[in-house]
Amino acid sequence: QVQLVESGGGLVQPGGSLRLSCAASGSAFRLFRMAWYRQAPGKQRELVAVISNEGSTNYADSVKGRFTISRDNAKNTAYLQMNSLKPEDTAVYYCNAAYGAGYWGQGTQVTVSS
């Protein structure tokens, strides 16, 4: 069983930045594909960014050029650097780890508002 703990969410003004972290338990983190999803009120959960176990990345069109996903295998942690935040980025952000089975964190709230 893998446990994921997200942190770093909060309230930020439009144009601001936040960095989300996702700490994973266990010793197999380097094998996981890691991803960030988000779910806004009344909307379906959507994929934001993904990083393979080898470090290749992909992004939703809505966040390309603004968000960066990364990972530190030595720290068992994945990150999502979010810059130039917009009100439409407001959502609960979830970390996902996949290697065979999939695992979810509890989510962290990101609110972009003036």
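**Strand 9 and a salt-bridge network around Asp89**

Strand 4 (residues 33-39) runs antiparallel to strand 9 (residues 91-99), and the two are paired over 7 bridges. Strands here, like helices, are DSSP runs numbered from the N terminus (E, at least two residues, for strands; H or I, at least four, for helices), and two strands count as paired if DSSP finds at least two bridges between them. This is a predicted model, with residues numbered from 1 along each chain as its sequence is written, and local features need pLDDT of at least 70. Side-chain atom pairs count only at pLDDT 80 or more, while totals for chains, interfaces and linings use all residues, and side-chain values use heavy atoms, with hydrogens and water left out.

Back to the strands. Within the pairing of strands 4 and 9, Trp36 has Cys95 as its bridge partner. Strand 9 also pairs with strand 11 (residues 108-112), again in the antiparallel sense, over 3 bridges; here Tyr93 sits opposite Thr108. Strand 10 (residues 101-104) is another antiparallel partner of strand 9, joined to it by 4 bridges, with Ala98 bridged to Gly102. Strands 9 and 10 make a hairpin with 1 residue between them, and Gly100 takes a positive phi near 80 degrees there.

On to the charged side chains. The structure holds 4 salt bridges, each defined as a side-chain nitrogen of Lys or Arg within 4 Å of a carboxyl oxygen of Asp or Glu. One of them pairs Arg38 with Glu46 at 2.7 Å, N to O. Burial is judged by relative accessible area: buried is under 20%, exposed is over 50%, and partly exposed lies in between (1.4 Å probe, protein chains only). Arg38 counts as buried because its relative accessibility is 6%, whereas Glu46, at 35%, is partly exposed.

Arg38 also forms a salt bridge with Asp89, at 2.9 Å from N to O. This contact links distant parts of the chain, since Arg38 lies in strand 4 and Asp89 in the loop between strand 8 (77-82) and strand 9, 51 residues apart. Asp89 is buried too, with a relative accessibility of 0%.

Asp89 has a further salt-bridge partner in Arg66, the closest N and O atoms being 2.8 Å apart. Here again distant parts of the chain are linked: Arg66 belongs to the loop between strand 6 (57-59) and strand 7 (67-72), 23 residues from Asp89. At 11% relative accessibility, Arg66 counts as buried. Through shared partners, the salt bridges tie Arg38, Glu46, Arg66 and Asp89 into one network.
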